[in-house]
Amino acid sequence: MRSAQLNVYRHDCDTRALVTLAGEIDLATAPLLRSALTACVHDGIRTVDVDLTAVTFCDVSGLNVFLALSRLANDAGMTLQLHYPPLTLARIIEIAGPCFLLHELHGTPATG
């Protein structure tokens, strides 16, 4: 069985960070995602934009990380927004209700 891989790239510009993810987000890679996003909080980043264009899979482990980090960011006065999620993740987010996480859904700003 092949293990999942997730590549995380971070680019900072003042107090804003663009975190680009590529690969699969699951139970095995969720700790890497959590660590990368938590580092933004501790580094004084005020806005974190997460580009999910190259994510090929995301299960509930990834959704839980996004929800937990959204709460942490909110408590710290930060903004965490997901951009261009895979269709399946966008649908899960729509069903679960945390649409506030999504900046863009299917090319239009999310309402939620």
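This short presentation walks through the fold, the core and one helix of the structure shown above.

Good morning. Please keep in mind throughout that this is a predicted model. I shall begin with the overall plan. The protein contains three helices and six strands, and along the sequence these follow the pattern β-β-α-β-α-β-α-β-β. Of its 112 residues, 44% are buried. Let me also mention the contacts between residues at least 6 apart in sequence: 62% of them join residues at least 24 apart.

I turn now to the strands. Strand β2, residues 16-25, runs parallel to strand β3, residues 47-58, and nine bridges join the two. To place one of these pairings, Ile 25 has Cys 58 in β3 as its bridge partner. Between β2 and β3 comes helix α1, residues 30-42, and together β2, α1 and β3 form a right-handed β-α-β unit.

Strand β3 also pairs with strand β4, residues 79-83, again in the parallel sense, through five bridges. Here the bridge partner of Val 48 is Leu 80 in β4. The chain travels from β3 to β4 by way of helix α2, residues 60-75, and this β-α-β crossover is right-handed as well.

What lies around Val 48, leaving out residues up to four places away in sequence? Val 48 touches Ala 17, Val 19, Leu 37, Cys 40, Met 78, Thr 79, Leu 80 and Gln 81. The preceding residue on our tour of this strand is Thr 47, which also lies in β3. Is Thr 47 buried or exposed? Its relative accessible area is 18%, and residues under 20% count as buried, so Thr 47 is buried. Apart from its neighbours within four places in sequence, Thr 47 contacts Thr 15, Arg 16, Ala 17 and Thr 79.

Next, the core. In soluble globular proteins, nonpolar side chains tend to be buried together. In this model, the largest nonpolar core has 26 residues, and those touching the most other members are Leu 21, Ile 25, Leu 37, Val 48, Val 50, Leu 52 and Phe 66. Which elements supply at least two residues each to this core? They are β2, α1, β3, α2, β4 and α3, the last of these being residues 87-96.

Let me close with helix α2. This helix has 16 residues and spans 22 Å from its first C-alpha to its last, close to the 22 Å expected at 1.5 Å a residue. At its N-terminal end, α2 is capped by Asp 59, with a side-chain oxygen 2.8 Å from the backbone nitrogen of Ser 61. After the helix comes Gly 77, which has a positive phi, near 75°.

The buried residues of α2 are Ser 61, Gly 62, Leu 63, Val 65, Phe 66, Leu 69, Ser 70 and Ala 73. Where do they pack? Their partners are β2, α1, β3, β4 and α3. As a single example from α2, consider Leu 63. Why does Leu 63 count as buried? Its relative accessibility is 6%, and the cut-off is under 20%, so Leu 63 meets the condition. Leu 63 and Asp 26 are 37 residues apart along the chain, and their C-alpha atoms are separated by 9.2 Å.

To summarise, β3 pairs in parallel with β2 and with β4, while α2 carries the chain across from β3 to β4 and contributes to the largest nonpolar core. Thank you for your attention.

Technical notes
Residues numbered from 1 in each chain as written. Predicted model: local features only at pLDDT ≥ 70, side-chain atom pairs only at ≥ 80, totals over all residues. Heavy atoms only, no water. Pairing = 2+ DSSP bridges. Helix = DSSP H or I, 4+ residues; strand = E, 2+ residues; numbered from the N terminus. Right-handed = clockwise from strand over helix to strand, strands pointing away. Core = buried A, V, L, I, M, F, W, Y, C linked by side-chain atoms within 4.5 Å. Buried < 20%, exposed > 50% of the residue type's maximum accessible area, 1.4 Å probe, protein only. Contact = heavy atoms within 4.5 Å. Expected span 1.5 Å × (residues − 1). Polar contact = N/O pair within 3.5 Å; in protein donor to acceptor, adjacent residues only side chain to side chain.
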